[in-house]
Amino acid sequence: MKEKNIELSIIIPTLNEQKYLPKLLESIKKQSYKDYEIIVADAGSKDKTKEIAKKYRCRIVKGGMPAIGRNAGAKVANGVILLFLDSDVILPNNFLKKAIKEFEQYFLDVATCHFIPLSDIKIDKQMHKFANGFMEFMKVIKPFAPGFCILATKRIHKRIKGFNEKLTNSEDHDYVQKANKIGKFGILIKPKIYV
């Protein structure tokens with residue numbers, strides 16, 4: 001029996017992520033927004049990744065390279081909106097509430113947000129600032145979005161047939177560029193993610 005649709009499915013591809021995954025899952029657990037499920041698409045971890053995912057009541061599916069894992073998670077997702085995250089990010093308080101509100105407010109089909117480094121090193125901050133600026137500059141010409149934070153409607157995901165599993169890198173940029181051709185891409189302003 002298929003589960004009832006929910007608003008959001010959070011999909012996380014993993015491979016030996018026991019160091020990072022608990023921090024991400026804990027940050028999700030602390031969110032004020034609760035209408036979500038978490039799907040971990042695991043590529044055969046040999047550490048405690050799956051054990052940690054079970055502890056946080058995540059659904060676990062077989063993954064692979066990031067594109068394969070993201071597609072596998074999306075295939076079983078019950079949410080009308082998909083949020084693809086990497087395991088080494090952390091969500092600030094109210095990230096989900098702000099992201100969903102803005103995503104729906106502007107009738108977006110695919111989106112990302114600005115990112116903040118977890119590091120205090122000056123060069124890291126400068127590189128992230130440059131990357132955010134580049135993303136803003138390119139959004140109308142040729143949109144880019146880091147795979148560690150992409151929101152998409154399940155409808156647009158199906159229409160573009162998901163992530164291209166033949167690509168070993170830049171599958172995230174390819175995804176948003178395909179989605180942008182038939183839908184609306186945006187960079188969310190209020191929510192920011194820690195990387």
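Is Tyr-20 buried, partly exposed or exposed, and at what relative accessibility? In this predicted model, Tyr-20 counts as partly exposed, because its relative accessibility is 35%. Partly exposed covers the range between under 20% (buried) and over 50% (exposed).

**Tyr-20 and its partners**

Tyr-20 sits in the loop between β1 and α1 (21-29). Leaving out residues up to four places away in sequence, Tyr-20 touches Ser-87 and Asp-88. Ser-87 is 67 residues from Tyr-20 along the chain, yet their C-alpha atoms are separated by 5.9 Å.

**Three residues compared by accessibility**

| Residue | Location | Relative accessibility | Class |
|---|---|---|---|
| Glu-7 | strand β1 | 18% | buried |
| Ile-116 | strand β5 (residues 110-116) | 32% | partly exposed |
| Tyr-20 | loop between β1 and α1 | 35% | partly exposed |

**Glu-7**

Glu-7 belongs to strand β1. Glu-7 counts as buried because its relative accessibility is 18%. Beyond its neighbours within four places in sequence, Glu-7 contacts Tyr-33, Asp-35, Gly-79, Val-80, Ile-81, Ile-100 and Glu-104.

**A nonpolar surface patch**

Ile-116 is in strand β5. With Leu-118 and Tyr-194, Ile-116 makes up a nonpolar patch on the surface. Together the three have about 240 Å² of accessible area.

**Helix α3**

Helix α3 spans residues 66-76. Its buried residues are Ala-67, Gly-69, Arg-70, Asn-71, Gly-73 and Ala-74. In an α-helix there are 3.6 residues a turn, so residues three or four places apart point the same way. The buried residues of α3 pack against four strands, β1 (6-14), β2 (36-42), β3 (59-62) and β4 (79-85), and against helices α6 (154-159) and α7 (171-182).

Conventions
Residues numbered from 1 in each chain as written. Predicted model: local features only at pLDDT ≥ 70, side-chain atom pairs only at ≥ 80, totals over all residues. Heavy atoms only, no water. Patch = residues over 30% accessible without salt bridge, like charges linked within 9 Å, V, L, I, M, F, W, Y side chains within 5 Å. Areas by Shrake-Rupley, 256 points an atom, 1.4 Å probe, with all protein chains shown as cover. Salt bridge = Lys/Arg side-chain N within 4 Å of Asp/Glu carboxyl O. Helix = DSSP H or I, 4+ residues; strand = E, 2+ residues; numbered from the N terminus. Buried < 20%, exposed > 50% of the residue type's maximum accessible area, 1.4 Å probe, protein only. Contact = heavy atoms within 4.5 Å.
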